[in-house]
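Please open the model in your viewer and keep the sequence panel beside it, since this tour moves from one selection to the next. At each stop, make the selection first and then read what is there.

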Amino acid sequence: MSTRIPFLKGHGTENDFVIVPDPENAFDLSPAAVAVLCDRRAGIGGDGLLHVVRSAAHPEAKAMASEAEWFMDYRNGDGSIAEMCGNGVRVFARYLQRAGHVAEGDLAVATRGGVKTVHIAKDGDVTVGMGKALLPEGDVTVSVGERSWPARNVNMGNPHAVAFVDDLSHAGDLLSPPPFSPAAAYPDGVNVEFVVDRGPGHVALRVHERGAGETRSCGTGACAVAVAAARRDGADPTVTGTPATYTVDVPGGTLVITERPDGEIEMTGPAVIVAEGEIDAEWLGTATRA
């Protein structure tokens with residue numbers, strides 16, 4: 001590994017990421033290294049890390065190389081691997097544009113949750129095709145302190161439990177994962193969204209992301225919330241033939257989620273690169289061993 005590793009910092013509705021460009025997959029980014037880089041006091045700080053690799057150079061993405069040149073090797077802030085991150089895809093696309101790899105318009109990005117279609121608009125917003133939601137059957141309950149709520153099980157390539165509450169303060173401090181039951185519903189953990197209504201087609205959320213804690217935004221979570229809200233409101237675009245669009249306020253901004261009649265979900269929102277620099281590889285090695 002070279003003595004200097006390039007990085008950038010970006011965010012999508014304040015869901016922030018360390019970005020490590022590594023086209024040929026030359027860097028050994030261990031879970032410990034990722035956790036150190038995402039540490040907000042001892043590292044750069046971020047909810048997660050976007051490892052930018054050409055699909056052909058990564059063993060998990062080679063099969064997608066014919067569809068998407070670039071692979072988003074996404075890691076949670078604690079170093080664990082995640083299937084997808086909706087805000088992360090938008091920031092990933094913005095980086096590719098900044099680096100001159102892509103231009104405005106359409107592109108494809110490989111993720112562990114499959115190949116995602118992305119559109120970079122002239123106004124700066126980025127739209128991501130998030131795929132279709134899966135709605136596993138079975139009752140789920142989430143709890144905070146003495147309160148418990150029924151939750152909708154929604155899978156957006158990663159698992160979500162969506163609970164509608166009277167007040168977002170009922171979610172508590174979200175420092176630790178909210179308990180859920182049954183345990184078998186989410187064997188690998190779950191992202192939990194607490195949701196309130198703001199008006200017709202308009203909701204707001206707080207979220208605890210597995211491996212990251214409470215974050216300012218969660219793209220897949222916003223999609224899961226929109227689907228859960230639509231079903232609660234009696235709307236299923238695959239049945240009605242009419243798209244369902246929800247404005248979803250997150251602590252860090254606003255996302256617009258549309259579920260189309262074919263079941264495909266689109267998420268539109270901002271993506272910003274705020275800084276770039278170099279990581280001292282010697283420091284990273286020492287910090288990882290500490």
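## Stop one: the largest cavity

Begin by selecting Tyr74, Asn76, Ala82, Met84, Cys85, Gly86, Asn158, Asn191, Glu209, Arg210, Cys218 and Thr220, which together line the largest cavity. Please keep in mind throughout that this is a predicted model. The space inside the largest cavity comes to about 80 Å³, and the count of cavities of 30 Å³ or more is one. If you colour the lining of the largest cavity by residue type, you should find five nonpolar, five polar and two charged residues.

## Stop two: Asn191

From the lining of the largest cavity, which includes Asn191, select Asn191 by itself and show its side chain. Asn191 belongs to strand β12, which covers residues 191-199. Is Asn191 buried or exposed? Its relative accessibility is 3%, so Asn191 counts as buried.

Which backbone atoms lie by the polar atoms of this side chain? One is the backbone oxygen of Pro159, which lies 3.0 Å from a polar atom of the Asn191 side chain, and another is the backbone nitrogen of Arg210, at 3.1 Å from a polar atom of that side chain. To see the wider surroundings, add Asn158, Pro159, His160, Ala161, His208, Glu209 and Arg210 to the selection, because these are the residues in contact with Asn191 once its neighbours within four places in sequence are left aside.

## Stop three: Thr220

Return to the lining of the largest cavity and pick out Thr220, which is found in helix α3. Thr220 has a relative accessibility of 1%, and therefore counts as buried. Leaving out residues up to four places away in sequence, Thr220 touches Met84, Gly86, Met130, Met156, Asn158 and His160. Show the side chains of Thr220 and His160 together, and look for the polar contact of 3.1 Å that joins them. Next, draw a distance between the C-alpha atoms of Thr220 and Asn155: these two residues are 65 residues apart in sequence, while their C-alpha atoms are 8.8 Å apart in space.

## Stop four: the largest pocket

Now move to the largest pocket, which holds about 160 Å³ of space. The strands β6 (114-120), β7 (126-132) and β17 (264-269) are the elements that each give two or more residues to the lining of this pocket, and β6 gives the largest share, namely five residues. The lining of the largest pocket has 13 residues, and to find the centre you can select Thr117, Val118, Val128, Gly129 and Glu264, which lie nearest to it. By residue type, the lining of the largest pocket divides into three nonpolar, five polar and five charged residues.

## Stop five: salt bridges

Side chains of opposite charge can pair when their charged atoms come close. In this structure there are 18 salt bridges, and a few of them make good selections.

Select Glu14 and Arg216, whose side chains meet in a salt bridge with an N to O distance of 2.8 Å. Glu14 sits in the loop between β1 (4-12) and β2 (15-21), and Arg216 sits in the loop between β14 (213-215) and α3 (219-232), so that the pair links distant parts of the chain, 202 residues apart. Glu14, at 36% relative accessibility, counts as partly exposed, and Arg216 counts as partly exposed at 38%.

Next, select Arg112 and Glu60, which also meet in a salt bridge of 2.8 Å, N to O. Arg112 is in the loop between β5 (105-111) and β6, and Glu60 is in the loop between β3 (48-54) and β4 (70-76), so this pair ties together parts that are 52 residues apart in sequence. Arg112 counts as partly exposed at 22% relative accessibility, and Glu60 counts as partly exposed at 43%.

A further pair to select is Asp236 and Arg231, where the closest N and O atoms of the salt bridge are 3.5 Å apart. Why does Asp236 count as partly exposed, and why does Arg231 count as buried? Buried means under 20% relative accessible area; Asp236 is at 22% and so counts as partly exposed, whereas Arg231 is at 19% and so counts as buried.

To finish, select Lys9, Asp16, Arg40 and Asp47 together, which are linked in a network of salt bridges.

How values were computed:
Residues numbered from 1 in each chain as written. Predicted model: local features only at pLDDT ≥ 70, side-chain atom pairs only at ≥ 80, totals over all residues. Heavy atoms only, no water. 1 Å grid on protein atoms, 1.4 Å probe; cavity = no way out; pocket = protein on both sides within 12 Å on 5 of 7 lines; lining within 4 Å. Points joined across faces, edges and corners; volume = space filled by probe spheres on them. Helix = DSSP H or I, 4+ residues; strand = E, 2+ residues; numbered from the N terminus. Nonpolar A, V, L, I, M, F, W, Y, C, P; charged D, E, K, R; others polar. Salt bridge = Lys/Arg side-chain N within 4 Å of Asp/Glu carboxyl O. Buried < 20%, exposed > 50% of the residue type's maximum accessible area, 1.4 Å probe, protein only. Polar contact = N/O pair within 3.5 Å; in protein donor to acceptor, adjacent residues only side chain to side chain. Contact = heavy atoms within 4.5 Å.
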